[in-house]
Structures are given as C-alpha cells and as structure tokens.
Amino acid sequence: MAGKWRRPPVRRVGTFAPGAPASRAMLTTVLYRLESPASGEQQEMPFADVAQDAWYAGAVAWAGENGIVNGVGGGVFAPGKAITREQMVTMFYRYACYRGEATGAAGDLEQFADGEEVSAWAVEAMSWAVGAGLISGVAPQTLAPGGTATSAQMAAILMAFIEMMK
C-alpha cells in the first residue's frame, strides 16, 4: 500500500474542530450573535471583499459600522483569513467598549518574552485582555500575539468574556 494516496479527513459543517484556526468572519459572527442586533435594516458594507450574500455579511457590516472591526487595510476585511491572537483580543476589546463594559484592567505585557511583539494598534487591547485574565501565554512567558488563534482559544476567551460581562 506504500505510495497510495489517502484522502485527508474532511471537516464537516457543524463540527467544532478545536485545534483548527479561527477565521476573522467566525469571531465577527460570534460577537454579532452575542449582541443580537434588533435592526432589520440592511447596513452598508464597508469592505470590498465581503459579498452581500455571504453568511457573515450582516455581522461584518454591523461590526464595521460600530467600530468593532476595521479590516486589514485598503477597504479589505479578509473574512476567511485566520485571525491572529492580537486581532482576536482587539475585537473583544472593541466589543467591550461598544457595550460600555469596563476596560480599565491593564496587564503587564513585559512579563512575556514576546510582549514587545504586540503591534502598536493592539497594545491597549492586549494589555486589557491580560489584565482581565482573558488571555495568557500559549506557553510560559510566550504570548504569541501574531500567532493564529484556534477555535478552542476563541471559545475559551468568549466564555471568560461572557462571565466578565455578568
């Protein structure tokens, strides 16, 4: 049987796949559904790469309109792109601000060997997330801000975030 091609496992719709990368569209949709906007009116799409009929289009339009997402530059959102840990935390931070939640917690990013690698636009959000206990290192002293966030990491932060909002 050596050399015989084997089909890779298929990720089925409706499965969790905790180790799989989370996408930018996934987190935006989660926050949108958490908020459950009552508005039935269609919002203007601020991003050129999001089709009006995409499953995440309403969520992205809502998040863009409310300052929760800004895209990746040049009018592009990159919905299918894997979300980085600093992008994920920034979306949670902006959502907390949108809701009027307390965002004054500040953690010391210098406790992580790679704390200085946090992008300038994400420092405030990452500091808040560390201080609030929403995110910790992927290994002792390693924050991995530019690393890909997994579905499990996103779910864990979501659960802690929901508890924090109570």
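**Loops, pocket and core of a helical model**

At 48% relative accessibility, Q141 counts as partly exposed, because the bounds of that class are 20% and 50% (buried is under 20% relative accessible area and exposed over 50%, with a 1.4 Å probe and protein chains only). The model is predicted, so local features need pLDDT of at least 70 and side-chain atom pairs count only at pLDDT 80 or more, while totals for chains, interfaces and linings use all residues. Residues are numbered from 1 along each chain as its sequence is written, and side-chain values use heavy atoms, with hydrogens and water left out.

Q141 sits in the loop between α4 and α5 (helices are DSSP runs of H or I with at least four residues, numbered from the N terminus). Its backbone deserves a look: although Q141 is not a glycine, its phi is positive, at about 65°. Most residues other than glycine have a negative phi. A second case is A78, with a positive phi of about 60° although it too is not a glycine. A78 belongs to the loop between α2 and α3, and at a relative accessible area of 14% this residue is buried. A positive phi also turns up just after α4, where G133 takes a value of about 80°.

Turning to the N-terminal side, S23 lies in the segment before α1 and counts as buried, at 11% relative accessibility. Leaving aside residues up to four places away in sequence, the contacts of S23 (heavy atoms within 4.5 Å) are with P79, G80, K81, A82 and I83. A polar atom of the S23 side chain also lies 3.1 Å from the backbone nitrogen of M26.

M26 appears again in the largest pocket, as one of the residues nearest its centre, together with T29, V30, R33 and M154. A pocket here is an open set of points on a 1 Å grid over the protein atoms alone, where a 1.4 Å probe fits, with protein on both sides within 12 Å along at least five of seven lines; lining residues have an atom within 4 Å of a point. The lining holds 11 residues in total, and the elements that give two or more of them are α1 (24-35) and α5.

What does S151 touch, beyond residues up to four places away in sequence? The partners are F16, A17, P18, A20, P21, A22 and, once more, M26. S151 is part of α5, which spans residues 151-165, and with a relative accessible area of 2% S151 is buried.

The largest nonpolar core (buried Ala, Val, Leu, Ile, Met, Phe, Trp, Tyr and Cys joined through side-chain atoms within 4.5 Å) has 43 residues. Those with the most contacts inside this core are L27, L31, V50, M88, F92, W128 and F161. Two or more core residues come from each of α1, α2 (57-65), α3 (85-99), α4 (123-131) and α5, and α3 gives the most, with seven. In soluble globular proteins, nonpolar side chains tend to be buried together. M88 illustrates the connections: not counting residues up to four places away in sequence, M88 touches L27, I83, A149, M154 and I157. I83 is also a partner of S23, and M154 is also one of the residues nearest the pocket centre.

Helix α4 completes the picture. Its buried residues are A125, M126, S127, W128, A129 and V130, and they pack against α3 and α5. W128 is also among the core residues with the most contacts.

How values were computed
A polar contact is a pair of N or O atoms within 3.5 Å; within protein, one must be able to donate a hydrogen and the other to accept it, and residues adjacent in sequence count only if both atoms are side-chain atoms.
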